[in-house]
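Reader: I would like a close look at a single part of this structure, with its surroundings worked out step by step. Please begin with one residue and build outward from there.

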Amino acid sequence: MGAAMRVPSTAQINREQLASVQGQIAFARRSPGEKAPAIVVPGSDGPLVSYDVTIRDARPIVDELSLDSEGFTLIQHKISCANERDPEVMRDRYLEEMVPFIKDYFKASWVVPKRDAVIIRSVGASSVPPAEKGSGLVRPYVASFAHIDYAPIAGPVMAAREDQLQGIPIRAYSRLMIIQAWHALSEPPQDFPLAFCDGNSVVDTDLVDTVYEKYDVKHKTWLVHYSPVHRWYYFPDMTSAEFALFKGYDSEDDHNPRSAHAAFDNRRAYPDAKPRRSVEARFFVYYD
């Protein structure tokens with residue numbers, strides 16, 4: 001299965017020596033006396049705290065990454081709809097291309113896309129129609145706080161909800177995963193790329209159970225406390241010929257890394273970085 005594949009290596013790279021950038025990421029406050037500046041970021045409820053974190057270039061270790069361990073990886077796969085400007089057409093074409101790819105990659109029995117979780121980010125773009133700004137499909141801001149979109153209790157609930165919305169009969173399954181995909185559509189380097197935290201560096205006490213309630217959806221999710229032992233990575237200079245793949249939930253808990261993600265402002269390293277345009281989606285991946 002694609003999720004468990006790891007390319008063997010006789011000489012693994014020292015990850016501490018990977019090239020890195022510094023980026024600010026917002027976290028849930030761990031204690032009232034935590035010495036970190038308070039910050040409010042779009043898409044979150046209430047104040048968080050901001051930390052400057054080291055974010056390493058994951059490209060040299062992409063063959064070592066595993067969805068079952070770190071929780072994220074990079075996939076080479078070009079989409080034909082990268083230049084589509086109509087958001088609804090973009091969503092439909094993107095899902096038409098990605099659903100069979102995800103099914104084949106994971107050798108799954110069937111895949112159901114979460115249609116209302118397709119998000120087109122168009123940061124700072126004046127071309128976003130006013131009626132669409134801040135809507136569920138098109139959002140002019142990034143999620144710059146560390147989070148995991150689904151707490152374990154939410155996985156089966158949201159899968160059943162999507163079946164109901166799409167009129168899909170509920171059927172028995174042996175395993176369910178929520179797989180998330182993130183494509184950069186604008187030219188590199190992007191000003192707000194997506195960073196991923198190695199799930200091996202996150203412990204349960206780093207996670208804060210909370211409730212997501214927007215766009216007619218309500219479910220349990222996780223925010224993340226800052227920890228100096230977290231290991232953050234990103235894939236610089238992403239193009240539309242590749243995408244980041246990461247795991248949001250797995251019913252087999254032994255293969256369910258607590259891998260958080262967050263966007264960060266990378267203009268410290270690249271002052272002339274281009275405004276990010278991206279598309280992301282979530283897929284319910286089932287096995288008989």
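Author: The model is predicted. The starting point is Lys220, which counts as partly exposed because its relative accessible area is 32%, between the limits of 20% for buried and 50% for exposed. Lys220 is found in strand 12, which spans residues 217-224. The side chain of Lys220 makes a polar contact with the side chain of Asp209, at 3.3 Å. Leaving out residues up to four places away in sequence, Lys220 touches Asp209, Thr210 and Val211, and also Asp149, Tyr150, Ala151, Ile153 and Ala154. By contrast, His183 lies 37 residues from Lys220 along the chain, and the C-alpha atoms of the two are separated by 25 Å.

One of the residues touched by Lys220, Ala154, leads to helix 2, which covers residues 154-166. Helix 2 has 13 residues and reaches 18 Å from its first C-alpha to its last, close to the 18 Å expected at 1.5 Å a residue. Its buried residues are Ala154, Gly155, Met158, Ala159, Glu162 and Asp163. They lie on the same side of helix 2, because they cover an arc of only 165 degrees around the axis. The cover over these buried residues includes strand 12, along with strand 5, strand 9, strand 14 and strand 16. After helix 2 comes Gly167, with a positive phi near 70 degrees.

Strand 5, residues 110-113, is among the elements that cover helix 2. From strand 5, Trp110 and Val112 point one way, while Val111 and Pro113 point the other way; all are buried. In a regular strand the side chains alternate between the two faces of the sheet. Strand 5 runs antiparallel to strand 16, and four bridges join them. Trp110 has Tyr286 as its bridge partner in strand 16.

Strand 14, also part of the cover over helix 2, pairs in the antiparallel sense with strand 4 over five bridges. There, Leu74 of strand 4 stands opposite Ala244 of strand 14. Strand 4, residues 72-76, is mostly covered, with four of its five residues buried.

Next comes the nonpolar interior. The largest nonpolar core has 30 residues, and those with the most contacts inside it are Tyr94, Ile102, Phe106, Leu245, Phe283 and Val285. Two or more residues each come from helix 1 (87-106), strand 9, strand 14 (242-250) and strand 16 (277-287). Helix 1 gives the largest share, eight residues. Ile102 touches Val111, Ile179, Leu245, Phe283 and Val285, not counting residues up to four places away in sequence. Apart from this core lies another, of 22 residues, among them Val21, Phe27, Leu207 and Tyr234.

Two loop serines complete the picture. Ser227 lies in the loop between strand 12 and strand 13 (232-234), and counts as buried because its relative accessibility is 10%. Beyond its neighbours within four places in sequence, Ser227 is in contact with Arg30 and Asp206. Ser186 lies in the loop between strand 9 (175-184) and strand 10 (194-197). Ser186 counts as buried at 13% relative accessibility. A polar atom of the Ser186 side chain lies 3.3 Å from the backbone oxygen of Pro275. Apart from residues up to four places away in sequence, Ser186 touches Met238, Pro275, Arg276 and Arg277.

Note on methods
Residues are numbered from 1 along each chain as its sequence is written. This is a predicted model: local features need pLDDT of at least 70, side-chain atom pairs count only at pLDDT 80 or more; totals for chains, interfaces and linings use all residues. Side-chain values use heavy atoms; hydrogens and water are left out. Buried means under 20% relative accessible area, exposed over 50%, partly exposed in between (1.4 Å probe, protein chains only). A polar contact is a pair of N or O atoms within 3.5 Å; within protein, one must be able to donate a hydrogen and the other to accept it, and residues adjacent in sequence count only if both atoms are side-chain atoms. Contact means heavy atoms within 4.5 Å. A nonpolar core is a set of buried Ala, Val, Leu, Ile, Met, Phe, Trp, Tyr and Cys residues joined through side-chain atoms within 4.5 Å. Two strands pair if DSSP finds at least two bridges between them. The expected span of a helix is 1.5 Å times one less than its number of residues. The arc is that of the directions from the helix axis to the C-beta atoms.
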